[in-house]
Amino acid sequence: MAQLPGSAFLKGRDRLVRISETGNARATPDDHGDGDPNGTYTIPGSAYSGTKFIKGLTSAEYTPSPTSQEFFLMGDDGFRDSVGTTMSGELACTAFFIQELDSTSKKASQAIDDALVMIMKSENDPDRELFVEVLTYLGKTGSNHLYNTRAFNACITGVSESAASDGIIEYSWTFQSRGQIFVGQLSVATTKLDVYATV
């Protein structure tokens with residue numbers, strides 16, 4: 001019999017994605033877990049500005065993409081072996097194509113959402129990178145809220161738009177990592193992160 005309470009499961013709605021401008025530099029967290037997801041994660045102190053949460057997000061699927069080289073050794077009875085050579089990650093996202101919200105009234109303006117604008121600029125420039133943080137809410141410890149974090153510099157690939165006549169326009173793309181992938185736990189004091197707020 002399963003003995004897992006409902007509170008043990010992480011839900012899709014507990015995942016947030018935020019992106020930052022890097023100014024054509026590579027952002028590096030001030031602290032990270034060195035591969036340990038339980039290590040401490042602290043946001044970058046430089047090459048990290050204009051941070052926005054992606055609103056209207058309906059899916060965000062992270063996939064690590066290791067590369068290995070196969071080899072065979074003489075005298076090894078023909079068994080195949082391999083050695084890892086590189087590591088990368090991809091975050092495939094789909095969001096509704098939405099307008100920016102007024103910061104005070106929360107009503108739609110006549111402009112495209114700021115986060116989508118950042119992505120669209122990168123879609124047209126392969127050298128323009130964003131710093132991506134994938135944040136999954138883990139719960140509260142004391143007065144602090146904890147988030148499992150994966151973060152990396154990324155370019156934009158695989159862009160597509162779907163616009164059914166009886167539906168809402170959807171915008172899909174993939175963040176392709178460049179350089180190191182950082183992991184750890186982000187601790188946020190007092191209140192949970194708000195997808196409608198700017199860091």
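## Starting at lysine 55

Let's begin in a loop: lysine 55 sits between strand S4 (49–53) and S5. The model you are looking at is a predicted one. Is lysine 55 buried or exposed? Lysine 55 counts as buried because its relative accessible area is 11%, and the cut-off for buried is under 20%.

Which residue does the side chain of lysine 55 meet in a polar contact? The partner is the side chain of aspartate 113, at 3.0 Å. Aspartate 113 also appears among the residues that lysine 55 touches beyond four places away in sequence, together with Ala95, Ile98, Glu100, Val195 and Tyr196.

## From aspartate 113 into the helix

Aspartate 113 has another role to notice: it caps the N-terminal end of H1. One of its side-chain oxygens lies 3.2 Å from the backbone nitrogen of alanine 115. Alanine 115 is itself buried, as are Leu116, Met118, Ile119, Met120 and Ser122 in H1.

## The overall plan

Now step back to take in the whole protein. Its secondary structure comes to one helix and 13 strands. Following the sequence, the order is β-β-β-β-β-β-β-β-β-β-α-β-β-β.

The C-alpha trace spans about 75 × 45 × 45 Å along its principal axes. The protein has 199 residues, and 37% of them are buried. Taking contacts between residues at least 6 apart in sequence, 66% join residues at least 24 apart.

## Two nonpolar cores

In soluble globular proteins, nonpolar side chains tend to be buried together. Here the largest nonpolar core has 23 residues, and the members that touch the most others are Ile19, Leu91, Ile119, Val132, Trp173 and Phe175. Two or more residues of this core come from each of strand S1 (15–21), strand S5 (57–64), strand S8 (89–96), helix H1 (114–123), strand S11 (130–141), strand S12 (144–162) and strand S13 (170–189). Which element gives the largest share of this core? H1 does, with five residues. There is also a second, separate core of 15 residues, with Leu16, Leu135, Tyr137 and Val188 among them.

Leucine 91 is a good residue to click on in the largest core. With its neighbours within four places in sequence left aside, leucine 91 is in contact with Val17, Ala60, Glu61, Tyr62, Val132, Val134, Phe152, Trp173, Thr174 and Phe175. Three residues in that list, Val132, Trp173 and Phe175, also belong to the group touching the most other core members.

## The largest pocket

How much space lies in the largest pocket? The value is about 300 Å³. Of the 17 residues lining this pocket, Arg15, Ile54, Gly56, Leu57 and Val195 are the closest to its centre. Val195 is familiar already, as one of the residues touched by lysine 55.

At least two lining residues come from each of S1, S5 and strand S9 (99–101). The largest share, four residues, is supplied by S5. By kind, the lining is made up of nine nonpolar, five polar and three charged residues.

## Proline 64 in strand S5

Strand S5 also holds proline 64. Proline 64 is partly exposed, as its relative accessible area is 44%. Beyond its neighbours within four places in sequence, proline 64 is in contact with Met87, Ser88 and Gly89. Aspartate 14 is 50 residues from proline 64 in sequence, and their C-alpha atoms are 20 Å apart in space.

## Some exposed residues

Most residues other than glycine have a negative phi, and most peptide bonds are trans. Aspartate 34 has a positive phi, near 50 degrees. Its place is the loop between strand S2 (29–31) and strand S3 (40–44), and it is exposed, with a relative accessible area of 66%. Threonine 190, in the segment after S13, likewise has a positive phi, of about 70 degrees. Threonine 190 is exposed too, with a relative accessible area of 57%.

Our last stop is glycine 45, in the loop between S3 and S4. Why is glycine 45 classed as exposed? Its relative accessible area is 59%, and exposed means over 50%. Not counting residues up to four places away in sequence, glycine 45 touches Thr28 and Asp30. The C-alpha atoms of glycine 45 and proline 29 are separated by 7.1 Å, although the two residues are 16 apart along the chain.

How values were computed
Residues numbered from 1 in each chain as written. Predicted model: local features only at pLDDT ≥ 70, side-chain atom pairs only at ≥ 80, totals over all residues. Heavy atoms only, no water. Core = buried A, V, L, I, M, F, W, Y, C linked by side-chain atoms within 4.5 Å. Buried < 20%, exposed > 50% of the residue type's maximum accessible area, 1.4 Å probe, protein only. Contact = heavy atoms within 4.5 Å. Polar contact = N/O pair within 3.5 Å; in protein donor to acceptor, adjacent residues only side chain to side chain. 1 Å grid on protein atoms, 1.4 Å probe; cavity = no way out; pocket = protein on both sides within 12 Å on 5 of 7 lines; lining within 4 Å. Points joined across faces, edges and corners; volume = space filled by probe spheres on them. Nonpolar A, V, L, I, M, F, W, Y, C, P; charged D, E, K, R; others polar.
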